[in-house]
Amino acid sequence: MDTTELKEFLDTKVLEYNQPKFIESDPIQIPHQFTLKEDIEISGFLTSTIAWGNRKMIIKNSEKMMDLLGNSPYDFVMNHKQHHLNNFEGFVHRTFNSLDATYFMKALQHIYKNHNGLESVFSNYSTKTSTQPAIHKLKQLFFEIPYTERTKKHISDPLKGSAAKRINMFLRWMVRNDKAGVDFGIWNTISPAILSCPLDVHSGNVARKLGLLTRKQNDAKALTELDNSLRKINKIDPVKYDFALFGLGVFEKF
């Protein structure tokens, strides 16, 4: 396929998958349960944090987390007392356990009380061309308070070589206004043009088959290469093609 044919093919797939029906089988359904901006942000952040492995299990455990927060994530984060954190005893999703969950509540409270919330962190520390430095900064700010070493692995750092797939997915949810009701578009301080595509096994394999990516590892360098390829196709909204790459990989076994 030449560039024009590739763009037409990918645009067709975006239209096919960037639809409300996509929500039914995707973890994005969790933040869609909320209407308050901060509830959407926090539920989306927590859901994306555990978004690896079986999708049904991701959704099930994200639902469980919301239940433990009394289905009021922002209120819980801002107003919880130490004994409320006992709610998380026994919670586990793969390597994310109750210790990690309780720390995330404290760290999110720190972010909202002392750094004006998640959107502020990402908008203040993104550059004109990338959100990746802001992800690095978020990790620094997130671990400004006393922490256990094991929890640090649950926030990726692109400046240390990670593709940061889950946080890039979260940013797509918050920043893109897709007019289709899937991504939220509630953060208008960040341009969708500087977002990075969530890169995982599925999207990476499809991108390689389509000639959008040559690097074999799914790391920060591969992400930069994929971003550059997608921005050549659509400089305004490059990560809309996440829907095409993901759909082709997961649903069509492309």
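The exercises below, each with a worked solution, concern a predicted model of one protein chain.

**Exercise 1. Overall make-up**

Task: State how many helices and strands the chain has, and in what pattern they follow along the sequence.

Solution. Begin with the count: the chain has eleven helices and two strands. Next, read along the sequence, which gives the pattern α-α-α-α-β-β-α-α-α-α-α-α-α.

**Exercise 2. Overall dimensions**

Task: Decide whether the radius of gyration of the chain agrees or disagrees with that of a compact globule.

Solution. Take the expected value first: for 254 residues, a compact globule would have a radius of gyration near 18 Å. The chain has 18 Å, so the value agrees. As a further description, the C-alpha atoms fill a box of roughly 60 × 35 × 30 Å along the principal axes.

Now turn to burial and surface. Buried residues make up 55% of the 254 residues. The chain exposes about 11600 Å², and carbon and sulfur atoms supply 51% of that area. Among contacts with a separation of 6 or more, 67% are between residues 24 or more positions apart.

**Exercise 3. The nonpolar core**

Task: Find which residues have the most contacts inside the largest nonpolar core, and which helix gives the largest share of this core.

Solution. The largest nonpolar core holds 81 residues. Inside it, the residues with the most contacts are Leu118, Phe122, Phe142 and Leu212. Helix α5 (residues 98-114) supplies the largest share of this core, eight residues. As background, nonpolar side chains tend to be buried together in soluble globular proteins.

Follow one of these residues further. With neighbours within four places in sequence left aside, Phe122 is in contact with Ala134, Ile135, Leu138, Ile167, Phe170, Leu171, Trp187 and Ile190. Of the residues just named, Ala134, Ile135 and Leu138 are among the buried residues of helix α7 (residues 132-142). Phe142 is also among the buried residues of α7. The buried residues of α7 pack against α2 (37-49), α5, α6 (118-125), α8 and α10.

**Exercise 4. Helix α11**

Task: Explain why helix α11 (residues 241-251) is described as largely enclosed by the rest of the structure.

Solution. Count the buried residues: ten of the eleven residues of α11 are buried, so the helix is largely enclosed. They include Tyr241, Asp242, Phe243, Leu248 and Val250. Then look for the partners: the buried residues of α11 pack against α1 (3-17), α3 (55-68), α8 (165-175), α9 (201-209) and α10 (220-233). After the helix comes Lys253, whose phi is positive, near 50°.

**Exercise 5. Two residues compared**

Task: Classify Arg172 as buried or exposed, and do the same for Thr4.

Solution. Start with Arg172, which is in helix α8. Its relative accessible area is 3%, and the limit for buried is under 20%, so Arg172 is buried. Apart from its neighbours within four places in sequence, Arg172 is in contact with Ile28, Asp183, Leu195, Val239, Asp242 and Phe243. Two of these residues, Asp242 and Phe243, are among the buried residues of α11.

Continue with Thr4, which is in helix α1. Its relative accessibility is 51%, and the limit for exposed is over 50%, so Thr4 counts as exposed. Along the chain Thr4 and Ile233 are 229 residues apart, while their C-alpha atoms are separated by 8.6 Å.

**Exercise 6. Charges**

Task: State how far apart the mean positions of the positive and negative charges are.

Solution. The chain has 34 positive and 28 negative charges. Their mean positions are 5 Å apart.

Key. Residues are numbered from 1 along each chain as its sequence is written. This is a predicted model: local features need pLDDT of at least 70, side-chain atom pairs count only at pLDDT 80 or more; totals for chains, interfaces and linings use all residues. Side-chain values use heavy atoms; hydrogens and water are left out. Buried means under 20% relative accessible area, exposed over 50%, partly exposed in between (1.4 Å probe, protein chains only). Helices (H or I, at least four residues) and strands (E, at least two) are DSSP runs, numbered from the N terminus. Contact means heavy atoms within 4.5 Å. A nonpolar core is a set of buried Ala, Val, Leu, Ile, Met, Phe, Trp, Tyr and Cys residues joined through side-chain atoms within 4.5 Å. The radius of gyration is taken over C-alpha atoms; the globule rule is 2.2 Å times the number of residues to the power 0.38. Accessible areas come from the Shrake-Rupley method with a 1.4 Å probe; for residues, only the protein chains shown count as cover. Lys and Arg count as positive and Asp and Glu as negative; His and the chain ends are not counted. The place of a charge is taken as NZ of Lys, CZ of Arg, CG of Asp or CD of Glu.
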